[in-house]
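Good morning, colleagues. Please take a moment to look at the sequence and the model before I begin.

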Amino acid sequence: MPLKLGIPRETAKGERRVAINPTVISKLTKLGVEVYVEQGAGESALIPDSHFTGAILVSSLEELYDSSNIIWRVQAPTSDEVNGMRDGTVLIGTLMAHNNIAMLKSLQEKKVTSYSMELIPRIARAQSMDVISSQAAIAGYKAAIMGADIAPRFFPMLMTTAGTIRPSKVIVIGAGVAGLEAIATAKRLGAVVEAYDVRPEAKEHIESLGAKAIELSISSVSKEGYAVDLSTEEREQQQQELADHITSADVLITTAQVLGKPAPKIIPQSTVEAMKDGAVIIDLAAEDGGNCSLTKPGETIKHGGVVIHGPLNVASQVPIHASEMYAKNLFNFTQLLIDKNGNYTPDYEDEIVIGALLTKDGEVMHEGTVELLNKVLGEN
Ligand code: NAD
């Protein structure tokens, strides 16, 4: 019995990505998987139905659910959409259940087996499935483009008959996946780039892209190599030391995140007020509250002469490539769930499979989400 995989239209507001692309359809069909796509699912990613060669098009979500036993999505379905699923459906997507307890409850009630892509352990073997990295790289690229677009200055040095224009200085805070892509893109656009990260090992990554690493007295890293939250004193020290550098920036791109926490506040109002007129802040951490204390998520505001842009769901603004990368991540993960004949045979001994497993047989399986749920239920 071949596996039947369904791709619905995304319904979240402003979402332009789709969880499939033509190349991945052909990889799936080679494995014997039947692919069903809801008509128009690729429309906002500029992939017309006619490009889904090898897939079966269905005209409604209801028909898609009836035809499929596995559903791939970009963002979480609504509770109503989960309630329309058949019992025992397998759902794979970036479900972010910690932000959506109602949807989590629906997954339990419908006994949906769900895997959440953002929960995949970030080990070397899982790199090809890492949607956080693939989508962050896109966001970093786009952040540099947004900075160049909003800034009232050129990025590159220009030697013209009207004189020589000095290049812009771009400062990037947080040199993880998004920050490094922002550095690379700003460099390609001709800016002078400096960057800072609280993890000491980021210095080498920053310099390998031809940017200057800003070194402060503060560093903080877990034994797994990830940034950890700073104490109040360390945060104040960091803000003060960084302020001297930031006042020289034409464009400041902030990408700092700490796993499972609100975005660290690194740029206080006083630093913004010391920046140049015409300076631009692109706060990629806006989704988690922002690295700048003045950021308004989803808005572009002006504070004095400084523009502060807090974009949301940035990867969705590059929907063709974001969908392609996302679909490949899903395909690589789904391969762990099926055998060579395309049958659903998840190996719950595999740390990647069990790490991503959110719900099964009406139970929440992911430890962190169970803790969160108990906390929420305890508060009510
Ligand atoms: P992230 O999005 O969680 O955070 C972005 C960056 O913000 C990180 O580099 C972090 O160190 C930095 N940061 C946090 N607090 C800060 C502060 N107060 N000041 C300055 N910077 C701060 O991280 P990410 O981009 O998803 O991943 C970070 C790194 O982890 C990557 O660059 C990579 O080296 C590593 N990684 C490894 C794997 C793997 O498979 N081994 C997968 C993904 C990422």
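Where is the place of D339? D339 sits in the loop between helix 10 and helix 11; helices here are DSSP runs of H or I with at least four residues, strands are runs of E with at least two, and both are numbered from the N terminus. Before I return to that loop, a word on the basis of these values. The model is predicted, with local features requiring pLDDT of at least 70 and side-chain atom pairs counting only at pLDDT 80 or more, while totals for chains, interfaces and linings use all residues. Residues are numbered from 1 along each chain as its sequence is written, and side-chain values use heavy atoms, with hydrogens and water left out.

Let me begin with the chain as a whole. The chain holds twelve helices and 17 strands. Its C-alpha trace spans about 70 × 55 × 35 Å along the principal axes. The radius of gyration is 22 Å, which agrees with the value near 21 Å for a compact globule of 380 residues; the radius is taken over C-alpha atoms, and the globule rule is 2.2 Å times the number of residues to the power 0.38. Of the 380 residues, 50% count as buried. In this classification, buried means under 20% relative accessible area, exposed means over 50%, and partly exposed lies in between, with a 1.4 Å probe and protein chains only.

The accessible surface comes to about 17400 Å², and carbon and sulfur atoms contribute 51% of this; the areas come from the Shrake-Rupley method with a 1.4 Å probe, and for residues only the protein chains shown count as cover. As for contacts, meaning heavy atoms within 4.5 Å, residues 24 or more positions apart account for 63% of those with a separation of 6 or more.

I now turn to helix 10, residues 319-334. Its 16 residues should span 22 Å at 1.5 Å a residue, and the end C-alpha atoms are 21 Å apart, which agrees; the expected span is 1.5 Å times one less than the number of residues. Among the buried residues of helix 10 are Y326, L330, F331 and F333. What do the buried residues of helix 10 pack against? Their partners are helix 1 (22-30), strand 4 (70-75), strand 5 (90-94), strand 6 (113-116), helix 5 (131-150) and helix 11 (351-356).

The contact with helix 1 can be followed through L28, a residue of that helix. L28 counts as buried because its relative accessibility is 1%. Leaving out residues up to four places away in sequence, L28 touches L5, I20, V33, V35, W72 and F331. By contrast, the C-alpha atoms of L28 and H98 are 30 Å apart, with their positions 70 residues apart along the chain.

We may now return to the loop between helix 10 and helix 11. D339 counts as partly exposed because its relative accessible area is 26%. D339 and L31 are 308 residues apart in sequence, yet 9.1 Å apart in space, C-alpha to C-alpha. D350 is found in the loop between helix 10 and helix 11 as well. Is D350 buried or exposed? D350 counts as buried, since its relative accessibility is 12%. Beyond its neighbours within four places in sequence, D350 is in contact with R125 and L336.

Next, helix 4, residues 101-109. Its buried residues are M103, L104, S106, L107 and Q108. The cover over them includes helix 3 (79-83), strand 5, strand 6, strand 16 (357-360), strand 17 (363-364) and helix 12 (367-379).

Some backbone angles deserve attention. Most residues other than glycine have a negative phi. Which residue, with a positive phi, follows helix 4? That residue is K111, with phi near 55°. M96, in the loop between strand 5 and helix 4, has a positive phi near 45°. M96 counts as partly exposed because its relative accessibility is 31%. L46 has a positive phi of about 65° and is found in the loop between strand 2 (34-38) and strand 3 (56-58). L46 counts as exposed, as its relative accessibility is 57%.

Finally, H303 is placed in strand 14, residues 300-303. H303 counts as partly exposed because its relative accessibility is 22%. Its contacts, apart from neighbours within four places in sequence, are Q269, V272, E273, L294 and I308. The C-alpha atoms of H303 and E63 are separated by 50 Å.
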